[in-house]
Amino acid sequence: ASVVGIDLGNLGSKVGVARQRGIDIVANEVSNRVTPSLISFGPKARAIGEAAKTMETGNFKNTIGSLKRLIGRSFSDPEVTEIEKKYINAQLVDANGQVGVSVLYRGQKQTFSATQLLAMYLAKLGQIAAKELQQDVTDCVIAVPGWYTEVQRRATLDAAFIAGLNPLRLINDTTAVALGYGITKSDLPPPETPRHVVFVDIGHSNYSVAVVAFAQGQLTVKSTAYDRHFGGRDFDYALVQHFAEEFKDKYKIDVLSSPKAMFRLSVACERLKKMLSANLEAPLNVESIMNDVDASSKLNREQFEEFIAPLLERVHVPLEEALREAQIAPTDVFAVELVGGSTRIPAIKQRIQAFFGGKTLSTTLNADEAIARGATFACAGLSPRFKLRSFAVNDIALYPIKISWTKAPEDEDEEPEAIVFPRGNSIPSTKTLKFVRSAPFELEASYADPSALPGKINPWIGKVTVKSVGEVVPATIKVRTRLNLHGIFSFEGAFFETTQIVEEDVPAEAPPAEGQAPAPPQKRQKKVVKRTDLPVVSGGLALDSSILNNQRESEGQMIADDKLVQDTEDRKNALEEYIYDTRSKLDDRYAPFVQAKEKEALLAKLADAEDWLYTEEGEDAPKSAYVSRLDALKALGDPIYKRYMEGEKRARTAAALRETI
Ligand code: ATP
Ligand code: MG
């Protein structure tokens with residue numbers, strides 16, 4: 001079983017692995033500890049992560065990011081059509097009720113749903129972890145925003161399934177950070193006087209706050225608050241707008257009219273923004289932004305803060321909300337811990353600090369890796385392979401969930417609905433509801449406050465039909481509901497209870513004294529509650545398992561296709577390298593070991609192969625063609641190589657002999 005934690009970021013993701021000696025954040029194939037959350041569809045293969053980032057500029061219409069923003073959303077959700085679209089260059093489409101993209105992949109227009117896209121990316125992260133651990137990766141914990149609803153959480157799990165992963169838990173981002181903070185502290189107070197820490201995460205797209213109470217061996221999330229549209233990309237966007245305006249006059253170009261120019265400008269703006277965190281002024285340069293114009297400009301920090309003033313005005317809102325809900329005054333806060341890339345912006349830090357009355361902010365956690373570390377701790381805690389010091393994580397639900405039903409004659413209550421899991425209910429949790437019924441009945445679960453949900457997410461969660469209520473009516477039926485570790489709701493089943501009186505033996509008080517016959521057993525009556533399960537049919541937001549299995553299969557096929565393309569490319573490079581390498585060695589170290597005729601023949605073959613490589617056929621041939629050509633060259637080259645090696649060996653032995661004499 002693997003122990004892996006994933007921080008799925010909107011810009012980049014981090015992967016942690018647990019080893020006996022501790023947790024490591026994994027470096028990817030180009031040694032970065034952050035992997036771009038991007039997929040780029042090419043004419044031959046997909047590029048995912050770093051490779052997608054490299055391809056993005058030239059292929060931005062077939063490159064898609066914002067994976068965590070799109071998952072679980074419908075194509076018509078205004079947060080997709082009005083907000084996410086601003087940051088996406090690929091064409092968004094409807095993919096069977098979900099948002100998806102239409103891209104040119106292997107020469108064909110193809111549609112992939114947000115779930116499939118996230119699956120592709122998660123599979124890549126799994127591979128990165130697998131390479132590091134030298135083992136297959138299945139078990140993992142994935143950190144998600146605390147504001148994810150049922151449909152988003154389910155879609156994330158679906159994506160993980162398609163990717164061949166097995167999430168032991170979806171953990172809320174800030175809860176993961178809190179776990180990483182708490183589990184390493186040895187000086188936590190007793191439960192009566194907990195230590196309150198506020199965690200602030202401002203990343204690329206999102207701003208989260210959590211108030212968490214820590215005590216020995218446990219953490220309890222008191223409240224969370226969010227600004228779901230607040231992060232680095234908003235600052236970048238403000239800068240893009242500014243420079244686009246400036247360049248209209250300065251260069252007579254309309255950057256906003258060209259997606260490619262916009263893309264180039266936003267890359268430069270992000271760089272400028274980061275520089276302004278450490279410098280009071282910074283330059284901006286974009287080579288051939290459009291119409292062969294090399295654009296350049298500069299900006300100082302004060303101007304930057306002016307452009308993002310409307311956003312800065314919002315910094316205090318989630319802080320205020322979280323503290324109010326936790327019923328804690330800013331002065332009762334033990335520490336304010338900052339994570340996420342955008343908390344490096346001085347103006348943001350100032351606002352947060354001012355909110356807490358000038359309190360020194362802590363950055364004791366690694367701002368970029370705290371979520372991945374926490375998620376990895378969570379996975380280790382759930383894994384039988386690790387003996388962690390036990391640390392309880394008491395998390396809470398953000399959105400109240402209600403159950404509703406059609407009123408039956410037996411009902412006394414006026415309202416045919418009830419909140420079963422209120423806001424702040426602990427996770428996981430089960431609740432049992434009681435109904436008096438004479439006939440089959442149906443229950444529905446939904447979010448009680450649709451206006452609190454992101455975008456136009458449908459509040460409906462699921463339903464259950466109790467198909468029969470037993471022989472004796474009216475019957476008192478109990479229905480069990482559950483909010484699981486992932487924060488996902490389910491109807492667990494329905495049953496009725498009957499009480500029976502049974503007789504049982506009373507165990508003897510003391511063993512009979514020696515030589516005495518045992519006393520005759522005493523009987524007593526006992527109430528036994530017998531539970532009879534009732535047949536139920538439940539339905540929810542789960543994707544049909546046949547669809548999921550198909551998508552998993554097709555993901556496996558795409559991975560195999562990508563691998564074949566990569567292997568073919570490797571073989572082609574190997575052939576090319578052999579040609580140049582052998583040619584130069586023939587004139588050099590192989591020279592004493594090769595006859596003129598032999599050399600001539602091999603050189604001719606090498607030239608042939610080289611010529612072929614540059615024909616249309618050789619440019620794009622199947623893997624076997626490169627392999628067989630290399631084998632043919634080696635058939636001639638290997639004997640020479642062998643003679644050379646033997647010669648080398650003889651020379652070494654001779655040299656060694658000379659030394660010993
Ligand atoms: P999210 O949490 O929203 O899903 P993420 O996890 O990918 O996104 P982070 O990695 O926390 O985001 O932060 C990335 C953002 O932080 C980017 O917008 C980046 O430009 C910004 N950022 C990183 N370093 C700095 C810096 N020194 N100054 C300003 N902004 C920075
Ligand atoms: Mg993040």
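A residue counts as near a molecule or strand if its C-beta atom, placed from the backbone, lies within 6 Å of it. By that rule, 22 residues surround ligand 1. This is a predicted model: local features need pLDDT of at least 70, side-chain atom pairs count only at pLDDT 80 or more, and totals for chains, interfaces and linings use all residues. Residues are numbered from 1 along each chain as its sequence is written, while chains are lettered from A and ligands numbered from 1 in the order in which they are written.

**Ligand 1**
- Gly9, Asn10, Gly203, Gly232 and Gly341 come nearest to ligand 1.
- Helices H7 (232-251) and H8 (259-278) each supply at least two shell residues. Helices (H or I, at least four residues) and strands (E, at least two) are DSSP runs, numbered from the N terminus.
- H8 gives the most, with 4 residues.
- The shell holds 13 polar, 7 charged and 2 nonpolar residues. Ala, Val, Leu, Ile, Met, Phe, Trp, Tyr, Cys and Pro count as nonpolar, Asp, Glu, Lys and Arg as charged, and the others, Gly among them, as polar.
- Ligand 1 lies between domain 1 (4-229 + 314-382) and domain 2 (232-312), because both give residues to its shell.

**Domains**
- Domain 3 (401-507 + 520-542) and domain 4 (547-660) complete the assignment. Bounds come from an automatic or database domain assignment.

**Domain 1 against domain 3**
- Their C-alpha centres lie 34 Å apart.
- The contact (C-beta atoms, placed from the backbone, within 7 Å) takes 14 residues from domain 1 and 14 residues from domain 3.
- On the domain 1 side, H3 (78-83), H5 (150-162) and strand E12 (166-172) each supply at least two residues.
- H5 gives the most to that side, with 5 residues.
- That side has 8 charged, 5 nonpolar and 1 polar residues.

Note on methods
Contact = placed C-beta atoms within 7 Å.
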